[in-house]
Amino acid sequence: MKVFVTGGAGYIGSVCVQALLRAGHDVLVFDNLSEGHRQAVLDAPLVTGDLRDHSLLDRTLREYAPDAVMHFAASALVAESVENPRKYYENNIESSLSLLRTMLACGVRRIVFSSTAATYGVPEIVPIPEDHPQQPINPYGFTKLVIEHAIRDYARAYGLGGVILRYFNAAGASHDGRLGEHHHHETHLIPIVLQVALGQREHVKIYGTDYPTEDGTCVRDFIHVEDLAEAHVRALDYCRDGHVLAANVGTGQGHSVRQVIETARAVTGHPIPAVEAPRRPGDPPVLVAAVERARRELGWTATCSDLRSIIQSAWQWHRAHPHGYEN
Ligand code: UFG
C-alpha cells in the first residue's frame, strides 16, 4: 500500500515508517519538523510542511495518491497542554480537520489515527476497556477525543474507514538502535531518568507520592515503540471503508514511577537520585490498558514490552546519542 505518514519524523512516527517499509509498503512522510527530526527519516521521502497549509497538502496528496494515511503529527505533552491549550487546539484539532478534509477531497478513505489513553481521564475500571467513558482531564486528551469523534462521524457520513489506536506510554528505541526518543524539551519519565544516568541532570523529580496506588506514585502501562509500530502495520491491514475500530495499544501491565526509576538503576548501574515533588497537573493516577480487543481484532499483542527490555533499549540509544539527533 502507499501510505502517507504525517509526523513521520517524530519519535513514534519514524519507527512506524521503518516498520511499514519492512512490511513492503511505500511511504511518504509529511512533517513540519517542529518536533520531528530530519535525521529520523531514514529511508523514505520527506515533504516538509504544515498540515494547515491547504494548498501544499492538497497538492501532495493528489500527486502521491496514497491508499491510506497514518496521522501521527500532533502536540503530545499532557502538562504543556494544561499550560498552553491553544497550541493543542490548533495543532491537534485544526491540523487534523484540515487533513481529513483534504483526504476526502482527494478520495483517500483510510486513516490510522494516533489517539491516547489520555482520552479516558481518571479511569473507573482498570485495566481500561475501550468502551470505558472518555472524560479527559487535560486539553491534550480532549483534543484527541474530538478527532476520534470526527473520524467516527466522517465514517458514517462519508464512508471513511479508520483505526483509532489509543496509545499508552510509548518508550524504548528501534531494535536496530538508529531511532529513539528525542524531544526538544524533554518531559517524559524514562528519557529523563536516563539523562540522570548520563550525568546530564542531577536528579529526577517524582511528581506526586500521595496517589492512591501501592507506592503512592502514578502507574503507567509502558509499551515498546517497536510493538507500537507493529500495531500500526496490523491496523493498516484492518482498515475498512465506513468502519471505525478503536483499540488500546498497551501491555495490560502497570508500573509505578518508583518502579521505573528502580529498574533504570538496575539497568544503568547508576544510583539515579530521585526527589519527591508535588503532583503534576493533568496526570491521572493509573493508566493501564485492557488489551483483548487489539489481540482479537488486529491479531496484535505486545512481544517486547517488559519494562526492563524497554529501559535497556532506551538506555542503549541514549548512551549512543547523548544529545539525541544533534551532534
Ligand atoms: N513523571 C515524573 N517525573 C518526571 C516525568 C514524569 O514523576 O520527570 C511521572 C508523571 O507524573 C507521570 C509518569 O511519570 O505520572 C509518566 O509521565 P510521562 O510524562 O512520561 O508520560 P505521561 O503519562 O504524562 O504521558 C504519556 C504521553 C502522552 C499520552 C500518555 C498516555 O506523553 O502523550 O502517556 O498514558 F497520552
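**Close-up views of the second largest pocket and the ligand site**

**View A. The second largest pocket of the predicted model.** The volume of this second largest pocket is about 180 Å³. Its lining comprises 15 residues, and those nearest the centre are His 182, His 183, Gln 195, His 323 and Gly 324. Sorted by class, the lining of the second largest pocket contains 9 polar, 3 nonpolar and 3 charged residues.

**View B. The shell of residues around the ligand.** There are 21 residues around the ligand, of which Thr 116, Asn 169, His 188, Lys 205 and Asp 283 come nearest. By class, this shell has 13 nonpolar residues, together with 4 polar and 4 charged ones.

**View C. Secondary-structure elements that contribute to the ligand shell.** Helix H6, spanning 189–197, and strand E8, spanning 204–207, each provide at least two residues of the shell around the ligand. Strand E8 gives the most, with 3 residues.

**View D. Polar contacts to oxygen atoms of the ligand.** A polar side-chain atom of Asn 169 is placed 2.6 Å from a ligand oxygen atom; Asn 169 is also among the residues that come nearest to the ligand. In the side chain of Tyr 140, an N or O atom lies 3.2 Å from an oxygen atom of the ligand. Tyr 207 contributes through its backbone, where an N or O atom is 3.0 Å from an oxygen atom of the ligand. On its own, the ligand has 680 Å² of accessible area, and the protein covers 94% of this area.

Definitions and conventions:
Residues are numbered from 1 along each chain as its sequence is written. This is a predicted model: local features need pLDDT of at least 70, side-chain atom pairs count only at pLDDT 80 or more; totals for chains, interfaces and linings use all residues. Side-chain values use heavy atoms; hydrogens and water are left out. On a 1 Å grid over the protein atoms alone, a cavity is a set of points where a 1.4 Å probe fits but cannot get out, and a pocket is an open set with protein on both sides within 12 Å along at least five of seven lines; lining residues have an atom within 4 Å of a point. Grid points are joined across faces, edges and corners, and a volume is the space filled by probe spheres set on the points. Ala, Val, Leu, Ile, Met, Phe, Trp, Tyr, Cys and Pro count as nonpolar, Asp, Glu, Lys and Arg as charged, and the others, Gly among them, as polar. A residue is near a molecule or strand if one of its heavy atoms lies within 4 Å of it. A polar contact is a pair of N or O atoms within 3.5 Å; within protein, one must be able to donate a hydrogen and the other to accept it, and residues adjacent in sequence count only if both atoms are side-chain atoms. Accessible areas come from the Shrake-Rupley method with a 1.4 Å probe; for residues, only the protein chains shown count as cover. Helices (H or I, at least four residues) and strands (E, at least two) are DSSP runs, numbered from the N terminus.
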